[in-house]
Amino acid sequence: MSKYRERLNNILFRPWKELKSLQNRILHRFITRHLYPFSPHYRKLFDENKIDPRRIKTVDDLRAIPFSSKDSFFDAQSEDLAKGTLAFCLQPSEEALKKYLPKTELIKFLCLNTLRGKDCVRNRLEKEYKPIFLTATAGTTNKPISFLYTNYDIDNLYIYGKRILEIIGINKERAAVNVFPYAPHLAFWQTVFSGIAANVFILSTGGGKTLGTEGNIRSILKVKPEFLIGVPSYVYHLLKMARAENLDMNFLNRVVLGAGRVPAGFKSKICDLLNEMGASDVRIMGTYGFTEARCAWSECPTAIDISSGYHTYPDKEVFEVIDPDTGEVKGEGEDGELVYTCIDGRGSCVIRYRTGDFVKGGITYSPCPHCGRTVPRISSDISRTSNIKNLQLSKIKGTLVNINDLECLLDNKKEIDEWQIEIVKKDNDPYEVDELILYICPFGDVNREEFAHRLNDNVLSATEVTFNKIIFVSADEIRKRIEIESAVKAKKIVDKRPAA
Ligand SMILES: [Zn+2]
């Protein structure tokens, strides 16, 4: 297919006006035909708030619907433990079908029933609505939540996967190695499905815990991938180990990082390592995704110090940015909390879902200046509000510290190789103030005293806190501290405060 034809056929390149009206049509259909009839939670929510689903015709109409959040799941679970998660899962009962399906659809079902029998109808419904797969939240900040997928959602996972690989510009003749930890987490499986959907060879090693870092390095040397895909901290560790062995990795010049904000300084550290191992023209792309969306979005390849933002899929979801305090919907490019609405899913579906993720720079609706896609793009400067910890640094009051900003600042420093923050109580006394201890493994020759002083100044101006102690440790010790080889997620922040 010619490049022009390919673009014409690719929905992500259609004029935004066209995409927007498509999005409204899909949204209306989803709410009236699937969500309201078959979702126990949302039917109840609509009824309680006297919302007529037929009146939700455009994205602007969504404002009539109250927000959902992680708490909605816990509330549903406490109401009925067995059915908690299922309250969000679309369940087409016979009664709901008869009551809510439009007449034309119902007649189709009745004909099918008469002509081909009950089993045929049941099979068709099962294919679309029966959950067959799940991914869950990692549960590092909260109790884990499971999200269910039906065959329909697996098809969507393929669609997202194919789109992501196109956006990051994978060369189908080349291969990729996926070092996301093997677990029922979205990142690992989204990557696996991407390769299958796009007909690209991807070796999924399962990460450090399954093969060990040495095993991962050997796999990379064997496969010679163009792309390496994984969690930022682990990819960095892996490449450092390879660099220490003086390996040649000139074939590897694309890195895709998931699950975490990726500051430019961190991207350039990875770029330096690859350059030292013979690679040139290195591109590093961040991705954004969360369990509740059962989907991920990617940056497109740009220079290391520029981010295109995450390319979204307007035929599959709606993103809004709101003021986290008032709930007011913000305009294009404005900061606020990301709110997600599924408009084309089965299984567990959420609408107007407060992600708890705060985005600086909001959403942009103009075409991407790097790849020309016309889809809304989310700024890549996202921090998770769940990472905001209440620290009692003085006896007077607690301070809310955005740990994510702190992480970003440390990752960005070229003098720091690895780090870990420990939150403790002074003298290990639960009634005492909190203390922040930073462990650093520095890069090369650093004037430790001067650097520690300068770092604390930077930290103070960025986050209004300082470290009570900055301790310099060896590469070996920091590796043991963050458990990079054995933990599913590197332990970069350890909260050791005893319960009062
Ligand atoms: Zn782009």
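## A strand pair to start from

Let's begin with one pair of residues: Glu-422 sits opposite Ile-437 of strand β19. The two strands around this spot are β18 (residues 416-425) and β19 (residues 434-442), which pair in the antiparallel sense over 9 bridges. Please keep in mind while exploring that this is a predicted model.

Strands β18 and β19 belong to an open sheet of 4 strands, ordered β20-β19-β18-β21, with mixed pairing. At the edges stand β20 (469-472) and β21 (493-495); each has a single partner strand, so one side of each is left without a neighbour in the sheet. From one strand to the next, the twist averages 20°. A helix joins the picture here as well: α15 (residues 475-482) lies across β18 and β19 and runs at about 55° to β18.

## The chain as a whole

Now let's step back. The chain contains 15 helices and 21 strands. Its radius of gyration is 24 Å, close to the 23 Å that the globule rule gives for 500 residues, so the chain is as compact as a globular protein of that length. Measuring along the principal axes is a handy way to picture the overall extent: the C-alpha trace spans about 80 × 60 × 40 Å.

Of the 500 residues in the chain, 37% are buried. Among contacts with a separation of 6 or more, 68% are between residues 24 or more positions apart.

## A second open sheet

Another open sheet also has 4 strands, this time in the order β10-β11-β12-β15, and its pairing is antiparallel. Here β10 (317-322) and β15 (381-384) take the edge positions, each with a single partner strand, so one side of each is left without a neighbour in the sheet. Ignoring direction, neighbouring strands of this sheet are turned by 40° against each other on average.

A useful place to look is the pairing of β10 with β11, where 6 bridges join the two antiparallel strands. Phe-319 has Tyr-340 in β11 as its bridge partner, and Glu-320 stands opposite Val-339 in β11. Although β10 is an edge strand, 5 of its 6 residues are buried, so β10 is largely enclosed by the rest of the structure.

## A hairpin with a covered strand

Strands β7 (residues 283-290) and β8 pair in the antiparallel sense over 4 bridges. One of the matched pairs is Thr-287 with Ser-298 in β8. Together β7 and β8 form a hairpin with 4 residues between them, and Arg-294 in the turn has a positive phi of about 50°.

Strand β8 (residues 295-298) is covered on both faces. Cys-295 and Trp-297 are buried on one side, while Ala-296 and Ser-298 are buried on the other.

## Two helices that cross, and one that is enclosed

Two packed helices are described by the angle between their axes and the distance between the axes. For α8 (residues 151-168) and α9 (residues 186-198), the axes come within 7 Å and cross at roughly 80°. That makes α8 roughly perpendicular to α9.

On the α8 side, the contact involves Leu-157, Tyr-158, Tyr-160, Gly-161, Lys-162, Ile-164 and Leu-165; they meet Gln-190, Phe-193, Ser-194, Ala-197 and Ala-198 in α9. By type, the residues of this contact divide into 8 nonpolar, 3 polar and 1 charged.

Helix α13 (residues 403-412) offers another view: 7 of its 10 residues are buried, so α13 is largely enclosed by the rest of the structure. The buried residues are Ile-403, Asn-404, Leu-406, Glu-407, Cys-408, Leu-410 and Asp-411.

## Two loop residues with a positive phi

Most residues other than glycine have a negative phi. Asn-199 has a positive phi of about 60° although it is not a glycine, and its place is in the loop between α9 and β4 (202-204). Arg-352 also has a positive phi, near 45°, and lies in the loop between β11 (336-342) and β12 (353-360).

Which of these surroundings are buried and which exposed? Asn-199 is exposed, with 9 other C-beta atoms within 10 Å. Arg-352, by contrast, counts as buried, with 21 C-beta neighbours inside 10 Å.

Key
Residues are numbered from 1 along each chain as its sequence is written. This is a predicted model: local features need pLDDT of at least 70, side-chain atom pairs count only at pLDDT 80 or more; totals for chains, interfaces and linings use all residues. Axes are lines fitted to C-alpha atoms, for helices over the stretch in contact, and angles run from 0 to 180 degrees between N-to-C directions. Angles under 35 degrees count as roughly parallel, over 145 as roughly antiparallel, 65 to 115 as roughly perpendicular and the rest as oblique. Two residues are in contact if their C-beta atoms, placed from the backbone, lie within 7 Å. Ala, Val, Leu, Ile, Met, Phe, Trp, Tyr, Cys and Pro count as nonpolar, Asp, Glu, Lys and Arg as charged, and the others, Gly among them, as polar. A residue is buried if 20 or more other C-beta atoms lie within 10 Å of its own, exposed if 12 or fewer, and partly exposed in between; C-beta atoms are placed from the backbone. Two strands pair if DSSP finds at least two bridges between them. The radius of gyration is taken over C-alpha atoms; the globule rule is 2.2 Å times the number of residues to the power 0.38.
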